[in-house]
Amino acid sequence: MSVNDNAATTEAGIRHLEDGVQRDFSASMSYGDYLDLHKLLSAQHPRSEPPQHDELLFIIQHQTSELWLKLLLHELRSARSLLATDQLPQALKRLARVKHIQNTLTEQWTVLATLTPSEYAQIRPFLATSSGFQSWQYRAVEFILGNKNPEMIDVFEHDPQAKQLLTQLLEEPSLYDEFLRYLARRGYPIPASVLDRDVRRPYVIDTDLVAAFEAVYADPAAHWGVYESCEELVDIEDNFQLWRFRHLRVVERIIGDKTGTGGSTGVDFLRKALQLTFFPELYAVRTVL
């Protein structure tokens with residue numbers, strides 16, 4: 001093969017831009033403009049001195065999680081609004097997306113799990129008192145799903161915007177509250193104690209409500225939309241628990257039983273969260289079927 005043949009082969013392997021591809025963005029919007037990439041990609045500010053290679057991983061892991069949490073909250077609030085206006089099929093579409101977001105958030109822990117205890121020890125001092133415990137978006141997601149705790153709002157006294165959102169979500173019905181109200185409007189025997197409860201309180205099981213779900217699960221074909229909705233909610237809770245468990249295991253493999261940077265007991269605190277539930281009757285009904 002001659003030199004010219006090699007040149008021809010290289011040239012043939014080039015994918016030239018098509019004539020219609022936009023090249024000049026001096027007066028039009030580019031991909032970077034639309035996504036505000038200059039701002040997004042300049043938001044990583046490692047603080048270690050001397051610089052530690054693994055700090056960028058730690059920052060990006062948590063920043064991307066916050067972006068997904070923003071979308072998760074957006075979808076959950078929309079699903080709740082749709083239930084409040086009796087638009088169940090549209091609400092289920094939102095919840096289907098919620099499950100995919102949850103899967104992505106859970107899978108992300110495998111990236112952080114590559115951080116060894118020795119590597120984390122090099123950057124931990126520079127975190128000071130910052131901690132994922134202080135994620136107001138995570139607390140917002142828990143609030144809208146029904147795990148409400150007014151004490152958590154105290155952590156955000158320094159952030160008026162976060163405090164305002166959490167206070168609002170504390171005082172509003174949860175996703176489950178709106179689902180149960182939807183069922184009541186459809187003639188299902190939802191106890192008045194559930195419908196009239198103080199929505200600022202964390203949801204706790206009502207044994208009288210289990211009977212309503214027992215009727216749904218005993219004859220799925222006659223209650224298909226509600227039956228499907230119940231299973232969607234169970235999926236969401238299962239996914240949330242998987243996320244909690246992966247979080248616990250990653251923290252355990254990196255810091256063991258050390259106290260968290262935010263002052264919590266670390267792994268022990270995370271382990272207690274596994275006992276929390278959002279939709280208790282949807283699990284209790286399985287026992288009585």
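Asp206 sits in the loop that joins α10 (192-195) to α11 (207-218). In this predicted model, Asp206 is buried but forms no salt bridge. The nearest side chain of opposite charge is that of Arg197, 8.8 Å away. A salt bridge requires a nitrogen within 4 Å of a carboxyl oxygen, so Arg197 is too far from Asp206 to count. Elsewhere the structure has 18 salt bridges, 11 aromatic pairs and a largest nonpolar core of 70 residues.

**Around Asp206**

- Leaving aside residues up to four places away in sequence, Asp206 touches Pro191, Ser193, Val194 and Glu281.
- Glu281 is also among the contacts of Phe213.

**Nonpolar core**

- Within the 70-residue core, the residues with the most contacts are Leu145, Tyr176, Phe179, Leu180 and Phe213.
- Helix α12 (residues 224-255) gives the most to this core, supplying 12 residues.
- Phe213 touches three of the other residues named for their contacts in the core: Tyr176, Phe179 and Leu180.
- Further contacts of Phe213 are Leu183, Cys230, Glu281, Leu282 and Val285, again without counting residues up to four places away in sequence.

**Helix α9**

- Eight of the 11 residues of α9 are buried, so this helix is largely enclosed by the rest of the structure.
- The buried residues in α9 are Leu175, Tyr176, Asp177, Glu178, Phe179, Leu180, Tyr182 and Leu183.
- Asp177 and Glu178 are thus buried acidic residues in α9.
- Just after α9, Gly187 takes a positive phi of about 95°.

**Helix α12**

- The 32 residues of α12 should span 46 Å at 1.5 Å a residue.
- The end C-alpha atoms of α12 are 46 Å apart, which agrees with that expected span.
- Gly256, just after α12, has a positive phi of about 65°.

**Salt bridges across the chain**

- Side chains of opposite charge can pair when their charged atoms come close.
- Arg80 and Glu172 form a salt bridge, with their closest N and O atoms 2.8 Å apart.
- This pair links distant parts of the chain: Arg80 is in helix α4 (residues 55-84), and Glu172 is in the loop between α8 (160-171) and α9 (175-185), 92 residues apart.
- Both Arg80 and Glu172 are buried.
- Asp86 and Arg185 also meet through their side chains in a salt bridge, at 2.8 Å from N to O.
- Asp86 lies in the loop between α4 and α5 (88-112), whereas Arg185 belongs to helix α9; 99 residues separate them.
- Asp86 has a relative accessible area of 30%, so it is partly exposed.
- Arg185 is partly exposed too, with a relative accessible area of 41%.
- Glu142 and Arg244 form a salt bridge at 2.7 Å, N to O.
- The Glu142–Arg244 pair joins helix α7 (residues 136-145) to helix α12, across 102 residues.
- Glu142 and Arg244 are both buried.
- Glu75, Arg94 and Arg97 are joined into one network by salt bridges that share partners.

**Aromatic rings**

- One aromatic cluster is formed by Trp109, Tyr138, Tyr176, Tyr203, Phe240, Trp243, Phe278 and Phe279.
- Inside it, the rings of Phe278 and Phe279 have their centres 5.9 Å apart and their planes at 50°, so this pair is tilted.
- Phe278 is buried, at a relative accessible area of 2%.
- Phe279 is buried as well, at 0% relative accessibility.
- Tyr176 belongs to this cluster, and Tyr176 is also one of the residues with the most contacts in the nonpolar core.

**Phe133**

- Phe133 is found in the loop between α6 (117-123) and α7.
- Phe133 has 22% relative accessibility, so it counts as partly exposed; the limit for buried is under 20%.
- The C-alpha atoms of Phe133 and Trp109 are separated by 16 Å, and the two residues are 24 residues apart along the chain.
- Not counting residues up to four places away in sequence, Phe133 touches Arg139, Met152, Val155 and Phe269.

Terms used. Residues are numbered from 1 along each chain as its sequence is written. This is a predicted model: local features need pLDDT of at least 70, side-chain atom pairs count only at pLDDT 80 or more; totals for chains, interfaces and linings use all residues. Side-chain values use heavy atoms; hydrogens and water are left out. Helices (H or I, at least four residues) and strands (E, at least two) are DSSP runs, numbered from the N terminus. Buried means under 20% relative accessible area, exposed over 50%, partly exposed in between (1.4 Å probe, protein chains only). Contact means heavy atoms within 4.5 Å. A nonpolar core is a set of buried Ala, Val, Leu, Ile, Met, Phe, Trp, Tyr and Cys residues joined through side-chain atoms within 4.5 Å. The expected span of a helix is 1.5 Å times one less than its number of residues. Rings of Phe, Tyr and Trp (its six-membered ring) pair if their centres lie within 6.5 Å; planes under 30 degrees apart count as stacked, over 60 as edge-to-face and the rest as tilted.
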